[in-house]
Amino acid sequence: MRAEIQLGHCFEWQYTIPGRATVPELYHDTPFCRDMPAVLATGYLVGMMELACLHGLMPFMDWPREQSLGTMVSFRHLAPTPPGMTLTIRGEIVECEGQRVRFRVEAWDGLEKVCEGEHERHLIDPLRFRERVARKEAQWRIQTAGLDASPRPLPGDER
């Protein structure tokens, strides 16, 4: 780590909602979603909340040798936001235990609060993580080729 993660560290990040983030665009391959309102999709909003927390964590990370992955989201999507509006996402680091970092975070669209909740990230060694993914992909390829139908735990199965 570049610096010890500070509890209470607050951050802010802004993001303008693109048209591709709306329900009809994000889920364009699902017929009934194409008829839904063109507002920010919850799935996209969750990603933006995660990304804001990653931005808030960056001052403490030795990037790219150290990275983080989202492991828990608990958000309430409170209000619709049309594309073109800018979200301001504010967060705070509220807990840090080992490789786990927990955030409290909320988003505003300039008129009202649109999201609030908690997010958790784990610090990872990206090289070890890529090795784990490669082992999993190799095991999957073997299974799908019909050579081995029994799933097994992956060695070194840690983040």
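Q: In what order do the 5 strands of the open sheet stand?
A: Happy to start with the sheet of this predicted model. Its 5 strands pair in the antiparallel sense and form an open sheet. From one strand to the next, the twist averages 25°. The order is S1-S3-S4-S5-S2.

Q: Which strands stand at the edges of the sheet?
A: An edge strand here has a single partner strand, so one side of it is left without a neighbour in the sheet. The strands in that position are S1 and S2.

Q: Over how many bridges do S2 and strand S5 pair?
A: Strand S5 covers residues 113-124, and Gln67 stands opposite Ile124 in S5. The two strands pair in the antiparallel sense, and the count is 10 bridges.

Q: Is Leu69 buried, partly exposed or exposed?
A: Leu69 belongs to strand S2, residues 67-77. Its C-alpha atom is separated by 6.7 Å from that of Leu123, 54 residues apart along the chain. Buried would need under 20% and exposed over 50%. Leu69 has 25% relative accessibility, so it counts as partly exposed.

Q: Why is the pair of Tyr15 and Tyr44 called stacked, tilted or edge-to-face?
A: Stacked needs planes under 30 degrees apart and edge-to-face over 60. The ring centres of Tyr15 and Tyr44 are 6.3 Å apart and the planes are at 40°, so the pair is tilted.

Q: Which residues do ring pairs link into a cluster?
A: A search of the whole structure finds 3 aromatic pairs. Tyr15 in strand S1 and Tyr44 in helix H2 are 29 residues apart, and Tyr44 is buried at 18% relative accessible area. The cluster consists of Trp13, Tyr15 and Tyr44.

Technical notes
Residues numbered from 1 in each chain as written. Predicted model: local features only at pLDDT ≥ 70, side-chain atom pairs only at ≥ 80, totals over all residues. Heavy atoms only, no water. Phe/Tyr/Trp six-rings, centres within 6.5 Å; stacked < 30°, edge-to-face > 60°. Helix = DSSP H or I, 4+ residues; strand = E, 2+ residues; numbered from the N terminus. Buried < 20%, exposed > 50% of the residue type's maximum accessible area, 1.4 Å probe, protein only. Pairing = 2+ DSSP bridges. Axes fitted to C-alpha atoms, helices over the stretch in contact; angles between N-to-C directions.
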